[in-house]
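Please look through the sequence and the model below before reading on. The paragraphs that follow start from a single residue and widen the view step by step.

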Amino acid sequence: MSLAPVIAIVGPSGVGKDSVMAALTARDPNIQPARRVITRPEGEEGEDFVRATVSEFDAMQDRGEFVLSWSAHGLNYGIPVAISQQRQHARAVLVNLSRNVLKKAEDAFGDFIVISLTADPKVLADRVADRGRETPADQAKRLARFVTLPEGLTRVVEINNDGPLDLTVDAILAQLEPVRG
Ligand SMILES: Nc1ncnc2c1ncn2[C@@H]1O[C@H](COP(=O)(O)OP(=O)(O)OP(=O)(O)O)[C@@H](O)[C@H]1O
Ligand SMILES: O=P(O)(O)OC[C@H]1O[C@H](OP(=O)(O)O)[C@H](O)[C@@H]1O
């Protein structure tokens, strides 16, 4: 059975990764997000994710329950192996990944597309502040984080998300069209 492609949505904090993923799924319910396990503290909400303590996360890791894991912003993130089942029935599966794990992700997933979202730094700062999910100190740390995309990825598409979400979704769907079969 052929597996649906995995589409990584990446970019700096506040660029709109979660918003773009939700808008893509709203436009085409067969493009489905993978649920991440995150050691995010109680009280910090976000997308639909599985909250774990650090020891719960470590135990899941030891049991081989993650196909991919990484750390960023003082948190641990894991993509459960169940993403394989999702790939059996979806048209495409979306994952919100760190740019630091893209090579590992390409090796793990095979059929893999990276959507690299960009936005003006002022737009990023306003969005992270307005969202208010983190403390001002943590917001500042997020905005100061600088990560570049690794070299040698097979398929990377850069898309600007300064404008309306609908336009970003159109741009992504236009890029995906040739590989959707
Ligand atoms: N195209 C857009 N136009 C206006 N607001 C947007 C747009 N995209 C995202 N936003 C807003 O920007 C804020 C940050 O978006 P979101 O949480 O999706 O970013 P993110 O990249 O997932 O950030 P983080 O990596 O910090 O989780 C949210 O409040 C969201 O509503
Ligand atoms: O800067 P890089 O390494 O690309 O991304 C780091 C992390 O930042 C975001 O975390 P969250 O979703 O805001 O908790 C991403 O999802 C990723 O896990």
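Which residues does Val10 touch, not counting residues up to four places away in sequence? In this predicted model, Val10 touches Lys17, Leu97, Arg99, Leu102, Val114, Ser116 and Leu117 when those sequence neighbours are left out. Val10 itself belongs to strand β1, which covers residues 6-10, and it counts as buried because 22 C-beta neighbours lie inside 10 Å, where 20 or more are required for that label. The chain also brings Val10 and Asn100 to a C-alpha to C-alpha separation of 9.9 Å, although 90 residues separate them in sequence.

From this residue we can turn to the interior. The largest nonpolar core has 36 residues, and those touching the most other members are Ala8, Ile9, Val93, Leu94 and Ile115. At least two residues of this core come from each of β1, α1 (17-27), β5 (66-72), β7 (92-96), α4 (102-109), β8 (112-118), α5 (121-131) and α7 (165-176), and the largest share, 5 residues, is that of β1. In soluble globular proteins, nonpolar side chains tend to be buried together. Leu94 shows the contacts of one core member: beyond four places in sequence, Leu94 is in contact with Ile7, Ile9, Met21, Leu24, Ile31, Gln32, Pro33 and Ala34.

The last part to consider is the ligand. Ligand 1 is surrounded by 16 residues, of which Ser13, Gly16, Lys17, Ser19 and Arg127 are the closest, and α1, α5 and α7 each contribute at least two residues to this shell. By type, the shell comprises 7 polar, 6 charged and 3 nonpolar residues.

Key. Residues are numbered from 1 along each chain as its sequence is written. Chains are lettered from A and ligands numbered from 1 in the order in which they are written. This is a predicted model: local features need pLDDT of at least 70, side-chain atom pairs count only at pLDDT 80 or more; totals for chains, interfaces and linings use all residues. Helices (H or I, at least four residues) and strands (E, at least two) are DSSP runs, numbered from the N terminus. A residue is buried if 20 or more other C-beta atoms lie within 10 Å of its own, exposed if 12 or fewer, and partly exposed in between; C-beta atoms are placed from the backbone. Two residues are in contact if their C-beta atoms, placed from the backbone, lie within 7 Å. A nonpolar core is a set of buried Ala, Val, Leu, Ile, Met, Phe, Trp, Tyr and Cys residues joined through C-beta atoms within 7 Å. A residue is near a molecule or strand if its C-beta atom, placed from the backbone, lies within 6 Å of it. Ala, Val, Leu, Ile, Met, Phe, Trp, Tyr, Cys and Pro count as nonpolar, Asp, Glu, Lys and Arg as charged, and the others, Gly among them, as polar.
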